Each structure stands twice: as structure tokens, then as C-alpha cells.
Amino acid sequence: MMLSVFDIFKIGVGPSSSHTVGPMRAARLFVEMLDRDDLLSRAGRVQVCLYGSLGATGRGHATDIGAMLGLCGEAPDTVDPARVRSLIADIRQSGSLPLGGVRDIAFERQRDIVFLGEQSLPEHPNAMRLVATDAHGEVLADRCYFSIGGGFVVEGGDDGPAGKPPSAGDWPYPFHSATDLLAQTRASGLSIAGVMLANEGVWRTETQARDSLLHVWRVMQACVRRGFGLDDNDGGEPLNPHLPGPFRVRRRAPALYRELTARERLMGGPAAGDDPLAAMDWVNAFAMAVNEENAAGGRVVTAPTNGAAGIIPAVLHYHDKFSGGATDDQVVEYLLTAAAIGLLYKANASISGAEVGCQGEVGVACSMAAGALAAILGGTPEQIENAAEIGMEHNLGLTCDPVGGLVQIPCIERNAMGSVKAINAARMALRGDGAHHVSLDAVIRTMKQTGEDMKSTYKETSLGGLAVNVVEC
């Protein structure tokens, strides 16, 4: 399956790519199918059934809200986060939903969205079924979709992401493994980013690809600024100091940002002072700013998932702040390299926490960021591959056990830890010559096998680990 860099970096909203963005896309695809088959005008009711992990943690992950937004015709990359609360409130108060944004149908959230966490479909743990009936209860359409991680959606019976048109042609530099990718760089003389950019030409021109990647970076920067409280949230609403949910988790990034900037003013710059690890405070701040925004339902870039969205931007912000600024060329190289690594995991393992645990989210993002940082610091393709391998090797077995079914504890801090680990992995790799015993391909296979062996209680069900050892107040 051919994938684009923009399949890995999707602009969307929080709190989850697999549990919010995916269901929103699936519901929208269902509505588009109804419209295409001339069934939209006959629909009187739509019921959404959520299975497996979607049913088990869907309330905390806003799966029901994502599905409702998709039924309204909203898309993750264009929906206004500031309008979501009022739109959902209107549906609840009126008892009707604007199907596709054009036709009101009766809709009751508790009746028409059914959480079936105790039931799991064999194809994938993230399954949702949508059934449309007419005014007499006759079934008009019945479809099943699977949210397979990172916002990707597959319809039952399909082999690839739903709604994605066929590719315009073959990649000029095809690769299916890290071994293939390294071979392509040696044969062509291109960097990993160069190979990825050439392949991206199947979908868009180089100028279009570069401009879109720089736009992704601007969205990441805006997310950090919002997370720091520097800009009003979308719609001009002030930053809520607490995140949604019963724990009322306090945002820490704004206070940490104020503390760090005050210390810089006092010490005369980011590198001044007597604390040799002060830069790590900034890495923590960058990562937590993104994931606190994600937890609040703000606009983020899936990288490669929402639960791990803070790592790629945190490491690039680190380079931007402490290496004299990131040039446009470095930003493009960083994101292309990260995407190439992410595609390897997507093709040969998984980026779904519900399928392989958090090693498939934070672990993959750490691996991507490590390799990408090594690239813009001048690493060879072999050193980049080594950095990516180190980044995953020491995340193997990482569980996904969100407390209360929310993408908050331990997810926010876990992004900060993954970011620091990525920087260290890149530095370790750059101190070597690229030769190492464990290949990236081997660690990807190991991650997949580890995920298959992992109990379902540790794979985004909130039935094990921290989720059952932290009392919900």
C-alpha cells in the first residue's frame, strides 16, 4: 500500500486519532455513501455501534463526539474546535442531528450511540458499525468501519484506507523495509528525505509538498503556542487551566513556559546558567503543551497518532531553539525523514495503541523523531536508521493504559519522556558510524510480535495497568 507523508502527518483535533479522528472520518464517509446512493433524503435515523477498544474507552476518547461530528458532515482537518461544544449541545437540546449538514434527523446520543466494549470484531479491535434506517425502520445501509490507528479508516471488505483514491503511479524509489530504503539511498545518492520527496511526486509537485510540510510545521507551532497560553484558543476563548474529565488535570505547560522564560531573562539566554539540563525542561514543555491541547480537543497534527502528537514537534522545537533556528530546508528534511520511518512501522507493524499498545504510538513517534533529528544534524542514512532503531528498542513493551479512558494520564508525560529519549537516541547514533547489531527492521518485527503477545487489558481498553490502579475521584 502506497502512502504519502501527509497520511502520516494529518491535521485534526484531539483527543485521539484512532478514537476521535478515525470515527469522525468513518461517519463522514458513511454520510457521503448515503448521498452518493441517493439515500440521504430517505434516512430517518442513524445508529452507531462501537466495539472493542472504541466501546471500552470511547467516552473518554470522545468517540461519540467524533462520530456525531462526522454524521454532521464535519472533517477533522476543517472542523472548528471552538464550535464543537455548541454543536453537540444543539444536538442534545433539539433531539435532532443535521445529517451531512443538510437534513435534520431525530437523534438521541444515549439511544443512537451504543458502546459495546465487551464485544470485539475479529478484523480489528477498533470497530464501528453504522446503520441507517428510513421512517418505517427499514434498513437503508449497514456498514462496518475499522479505525486502524493514526486516523486511518478501513471499510469492512476493503484492503486499504477508506476514501483514498488509487495512486497515480508507482513510486520511483519503492521501499517496503529499512533495508530497501537504505539500498535506495545508496543506489540513487539521495538522502532518506530525498527518496521520500521523490516518491511524494506521485501525488503532488515538489513545491506543493514543501509548502504543505511547512504548513504542517506552522500548525505544530501554533499548537505549542496555544498550549503555552500565548494565543487565545480557537474562537478567542481563554485557556481553561484544567483539562476535561473527572480528574480535572491541571495544565502544566503554561506555568512551565512562564518559569523557563523568566529564568532565561534572568540568566541572559537559553544556554546560560548553571543547569546543564535546562534544555530538557524546554523539551518537556513543548511536548506537554501539544498533548494538553490534544487532551482538550484542540487542533493538533497526528504524528503519527494524536496520543503521541507531542514528540515530533517537541524535538523539532528543541532543535529550533538550541541550534540557531530551524531553516525551512531542515523542517522539510525532518518531516520527510520522520514520515519515511513512520511508513515502515505502518506497513510492517502497527501504529494503533489498541492493536500493539503504546509502543505503537509513543514508541513509533520516538523512533521517527530520533531518526529525523539525526538527519538534520548531518547523519548518514545508516546513522539515521540506527537512531530510529534505538528510539524503538527502548520502548518495546510499552503499554497503553489510559486512566479513566482519557488521553491524559500517563499520555501527556509519556510524550515528554519520549521526546527526551528521541534526542538521546539521535545523539548516541551520531557518535557511531551507523554499524549496529539490531536493525530497524528487526526491531519493527519485534514490536509487532510484542504487541501480538500483549494482553488486551494493556492495549487501550483501560482494563489494566495504571488504569485500574489509579482511583477515579
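I looked up Thr461 first and found this residue in the loop between helix H18 (440–453) and helix H19 (466–469), where helices (H or I, at least four residues) and strands (E, at least two) are DSSP runs numbered from the N terminus. The model I am reading is predicted, so that local features need pLDDT of at least 70 and side-chain atom pairs count only at pLDDT 80 or more, while totals for chains, interfaces and linings use all residues. Residues are numbered from 1 along each chain as its sequence is written, and side-chain values use heavy atoms, with hydrogens and water left out.

Is Thr461 buried or exposed? I noted a relative accessible area of 12%, so Thr461 is buried (under 20% relative accessible area, with exposed over 50% and partly exposed in between, for a 1.4 Å probe and protein chains only). Neighbours within four places in sequence aside, Thr461 is in contact (heavy atoms within 4.5 Å) with Ala56, Thr57, Cys400 and Ser456.

I then turned to Gly363, which is found in helix H15 (residues 362–376) and counts as buried because its relative accessibility is 0%. With neighbours within four places again left out, Gly363 is in contact with Cys358, Gly391, Met392 and Asn395.

Last, I followed strand S3 (residues 96–99), where Leu97 and Leu99 point to one face and are buried, whereas Ser96 and Pro98 point to the other and are not. I recorded that S3 and strand S4 (residues 103–106) pair in the antiparallel sense over four bridges, pairing requiring that DSSP finds at least two bridges between two strands. Arg103 in S4 is the bridge partner of Leu99, and in this hairpin, with three residues between the strands, Gly100 takes a positive phi near 65°.
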